[in-house]
Amino acid sequence: MKIKTADLQGKQLRWAVAKSLGLNLDLGGWPARYQDGETYLKYVDKYLQPTHIPHYEEWWEAGGPILEREGILLRPIRSPGHSLDGQCLAKYGGTNTGTIVQWVKREGLPRGYQAGPTMLIAGMRCFVASKMGDEVEIPEELL
């Protein structure tokens with residue numbers, strides 16, 4: 001089933017991030033084999049069992065390196081009355097997130113931007129959108 005990237009959360013978002021990283025996933029959404037094993041294995045012992053996808057959207061140790069490597073920019077929106085007040089904004093493919101604050105009130109998010117309740121969620125949605133587009137085909141087991 002297709003889901004908008006902007007609506008991905010929890011297991012669905014984790015699965016989509018792992019898929020965007022090029023990990024070979026089985027139908028249940030858990031890794032069959034890790035191709036990006038170096039980054040993953042650094043944190044296996046500390047945070048999770050080796051058969052689970054890291055919580056990219058919750059743990060900076062898992063999601064942070066992706067954001068840095070991809071050059072995804074983050075910023076909180078703190079503007080009462082703004083349509084994204086209290087949300088966080090992520091952007092790929094540019095050098096600035098500043099002018100988006102005015103655009104959103106009138107036009108919605110332009111291509112290359114994603115929002116979320118936390119910086120990591122916004123950043124991981126942005127990463128997935130940059131690799132898989134604005135909609136993602138999610139296995140039914142994750143719905």
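I took helices and strands as DSSP runs, numbered from the N terminus. The model is a predicted one.

**Entry 1, T5.** I looked up where T5 sits: the loop between β1 (2-4) and α1. I then checked its exposure. Its relative accessible area is 0%, and buried means under 20%, so T5 counts as buried. Its side chain reaches the backbone oxygen of G133 at 2.7 Å. Leaving out residues up to four places away in sequence, I listed the contacts of T5 as Q114, R125, V128, A129, G133, D134, E135 and V136.

**Entry 2, α5.** G133 led me to α5 (119-132), since G133 follows that helix; the phi of G133 is positive, near 100°. I checked the length of α5. At 1.5 Å a residue its 14 residues should span 20 Å, and the end C-alpha atoms are 20 Å apart, so the two agree. I found α5 mostly covered, with ten of its 14 residues buried. Among them are R125, V128 and A129, which also appear in the contact list of T5. The buried residues of α5 pack against α1, α3, β4 (73-76), β5, β6 (113-116) and β7 (135-137).

**Entry 3, nonpolar cores.** Which members of the largest nonpolar core touch the most others? I found L8, V17 and Y56, out of 28 residues. At least two residues each come from α1 (10-20), α3 (60-70), β5 (88-91) and α5. The largest share, seven residues, is from α5. Apart from this core lies another, of five residues, including I77, L84, Y113 and A115.

**Entry 4, V17.** Not counting residues up to four places away in sequence, I found V17 touching Y56, I66, M124, F127 and V128. Of these, M124, F127 and V128 are buried residues of α5.

Conventions. Residues numbered from 1 in each chain as written. Predicted model: local features only at pLDDT ≥ 70, side-chain atom pairs only at ≥ 80, totals over all residues. Heavy atoms only, no water. Core = buried A, V, L, I, M, F, W, Y, C linked by side-chain atoms within 4.5 Å. Buried < 20%, exposed > 50% of the residue type's maximum accessible area, 1.4 Å probe, protein only. Helix = DSSP H or I, 4+ residues; strand = E, 2+ residues; numbered from the N terminus. Contact = heavy atoms within 4.5 Å. Polar contact = N/O pair within 3.5 Å; in protein donor to acceptor, adjacent residues only side chain to side chain. Expected span 1.5 Å × (residues − 1).
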